[in-house]
Amino acid sequence: MCAEDISATSLYREPANNGPAVDKARFEEVFEEVKTWGTYSNPSAGAWQAVTPASVVEAASLVRSGRVVPTALPWNTVSGPSNANPALHYMTDLGVREAPEPSCNKDFIGVDYHGKAVSHLDALSHIAYKGLLYEGQTSKDVVTATGADFGSVSALGSLVTPAVLLDFTVLFDVPWLEPGTAIRASDILEAEAKLGVKITAGDAVLIRTGHFRRAAELGIWDSSDLSAGLHVDCMPLLAERGISVLGGDGDSDVRPSPTPGIHSPIHILAITAMGLPLLDNLDLEPLGAACAEEDRYRFMFVVAPLNIPRGTGSPVNPLAVF
């Protein structure tokens with residue numbers, strides 16, 4: 001079944017605006033449909049390897065104006081509805097002493113970054129389904145109290161590739177998508193047509209819902225169970241296109257989940273089935289403005305996670321370059 005056909009199948013039934021419900025049997029079918037186990041020479045890096053030297057050359061060719069747009073949120077040390085574990089930042093030394101010169105100011109940072117308040121990358125060790133990670137690795141055997149022996153963020157290295165911003169606020173002509181709104185496969189196709197882009201192999205795909213504009217204007221909410229994002233029926237289309245990384249201004253999942261008993265179906269399908277790293281909590285407001293001003297939604301994209309041996313991910317500040 002092709003991605004465009006999924007929305008019409010009788011295996012889905014229409015509830016509220018979080019999209020048609022996906023029963024467990026259909027979810028399992030989609031998992032098998034998008035699964036790429038055995039595809040990549042380095043399973044720990046998964047779809048990151050879809051980026052080729054030709055991808056990098058194409059990305060470089062997209063640099064024309066020299067405009068650079070960072071996509072990370074500010075380091076958030078304030079507790080709130082979406083930040084139960086605030087990041088740490090404090091001074092460890094103040095340069096107030098006299099000679100010998102120079103005096104020195106030092107500080108410390110620390111963060112529990114898997115959540116809703118920090119822009120971060122999910123490596124392939126982050127998500128297990130039925131006890132298994134990508135490539136069928138048993139999570140309890142390869143991830144222990146000292147870290148991950150499979151799917152570590154250190155296996156990824158850096159990424160330079162073309163990226164596409166799918167700005168659904170432009171498609172739907174709204175300031176933001178209300179929390180709980182599902183983006184469907186058909187919406188992705190319409191966004192491509194509207195924005196004049198085409199997702200191709202090796203691309204990074206970024207999803208803008210206007211999450212942080214809404215937060216700025218109406219206030220922060222706990223998006224753990226209420227967020228705009230992708231419906232399950234988007235994943236066969238993205239798998240067919242052969243993308244290298246998926247990110248958004250939420251964490252890619254629509255919530256409430258359309259699949260009963262599964263809180264984060266997009267995380268499972270992307271990371272565990274497809275070997276696709278995720279970028280969560282990106283601030284795409286400046287990027288949306290830049291794409292509109294530059295009149296293009298395809299650009300060079302650079303992701304350089306921290307080199308954390310055995311880490312399940314990393315805080316990041318991905319850069320869009322026009």
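# Exercises on a predicted model

A polar contact of 3.5 Å links the side chains of Arg255 and His263. The model is predicted. The exercises start from Arg255.

## Exercise 1: The surroundings of Arg255

Find where Arg255 sits, whether Arg255 is buried or exposed, and what Arg255 touches.

**Solution**

Step 1. Place the residue. Arg255 is in the loop between strand 13 and helix 9.

Step 2. Check the cover. Buried means under 20% relative accessible area. Arg255 has 2%, so Arg255 is buried.

Step 3. List the contacts, skipping residues up to four places away in sequence. Arg255 touches Lys116, Gly180, Ser223, Ser224, Asp225, Leu226, Ser227, His263 and Ser264.

Step 4. Look for charge pairs. Arg255 and Asp253 form a side-chain salt bridge, 3.9 Å from N to O. Asp253 has 0% relative accessibility and counts as buried.

Step 5. Widen the view. A network of salt bridges links Lys116, Asp251, Asp253 and Arg255.

Step 6. Inspect the backbone. The peptide bond from Arg255 to Pro256 is cis, with omega near 5°. Pro256 lies in the loop between strand 13 (245-248) and helix 9 (265-273).

## Exercise 2: Backbone exceptions

Locate the cis bond that joins Glu101 and Pro102, then place Lys130 and Asp295, which have positive phi values.

**Solution**

Step 1. Recall the usual case. Most residues other than glycine have a negative phi, and most peptide bonds are trans.

Step 2. Take the cis bond. Omega is about 0° between Glu101 and Pro102. Pro102 belongs to the loop between strand 4 (88-93) and strand 5 (106-110).

Step 3. Take Lys130. Phi is near 55°. Lys130 lies in the loop between strand 6 (120-122) and helix 4 (139-142). The residue is exposed, at 61% relative accessible area.

Step 4. Take Asp295. Phi is about 60°. Asp295 lies in the loop between helix 10 (285-294) and strand 15 (298-303). At 68% relative accessibility, Asp295 is exposed.

## Exercise 3: Ser152

Describe the position and the polar partners of Ser152.

**Solution**

Step 1. Ser152 lies in the loop between strand 8 (147-148) and strand 9 (159-167).

Step 2. Ser152 has a relative accessible area of 7%, so Ser152 is buried.

Step 3. The side chains of Ser152 and Ser154 make a polar contact of 2.9 Å. A polar side-chain atom of Ser152 also lies 3.4 Å from the backbone oxygen of Ile308.

Step 4. Set aside neighbours within four places in sequence. Ser152 then contacts Ser44, Ala123, Ser125, Ile308, Pro309, Arg310 and Gly311.

## Exercise 4: Core and surface

Which residues have the most contacts inside the largest nonpolar core, and which residues make a nonpolar surface patch of about 280 Å²?

**Solution**

Step 1. Start with the general trend. In soluble globular proteins, nonpolar side chains tend to be buried together.

Step 2. Turn to the core. The largest nonpolar core has 73 residues. Leu166, Met235, Leu246, Leu287 and Phe299 have the most contacts inside it. Helix 9 supplies the largest share of this core, six residues.

Step 3. Examine helix 9. Nine of its nine residues are buried. Among them are Ile266, Leu269 and Ala270. The cover includes helix 2 (24-34), strand 6, strand 12 (229-230), helix 8 (235-241), strand 13 and strand 14 (278-280). Gly275, with a positive phi near 65°, follows helix 9.

Step 4. Follow one core residue. Beyond four places in sequence, Met235 touches Val34, Leu230, Leu246, Ile266, Leu269, Ala270 and Met274.

Step 5. Move to the surface. Leu88, Tyr90 and Phe108 make the patch. Leu88 is in strand 4 and is partly exposed, at 44% relative accessible area.

## Exercise 5: Two more salt bridges

How many salt bridges are counted, and which parts does the pair of Arg208 and Asp167 tie together?

**Solution**

Step 1. Give the count: 19 salt bridges.

Step 2. Examine Arg208 and Asp167. Their closest N and O atoms are 2.7 Å apart. Arg208 lies in strand 11 (residues 204-208) and Asp167 in strand 9, so the pair ties together parts 41 residues apart in sequence.

Step 3. Check the cover. Arg208 is buried at 8%, and Asp167 is buried at 1%.

Step 4. Turn to Arg26 and Glu33. Their salt bridge has its closest N and O atoms 3.8 Å apart. Arg26 is buried, at 5%, whereas Glu33 is partly exposed, at 34%.

Definitions and conventions:
Residues numbered from 1 in each chain as written. Predicted model: local features only at pLDDT ≥ 70, side-chain atom pairs only at ≥ 80, totals over all residues. Heavy atoms only, no water. Helix = DSSP H or I, 4+ residues; strand = E, 2+ residues; numbered from the N terminus. Buried < 20%, exposed > 50% of the residue type's maximum accessible area, 1.4 Å probe, protein only. Polar contact = N/O pair within 3.5 Å; in protein donor to acceptor, adjacent residues only side chain to side chain. Contact = heavy atoms within 4.5 Å. Core = buried A, V, L, I, M, F, W, Y, C linked by side-chain atoms within 4.5 Å. Patch = residues over 30% accessible without salt bridge, like charges linked within 9 Å, V, L, I, M, F, W, Y side chains within 5 Å. Areas by Shrake-Rupley, 256 points an atom, 1.4 Å probe, with all protein chains shown as cover. Salt bridge = Lys/Arg side-chain N within 4 Å of Asp/Glu carboxyl O.
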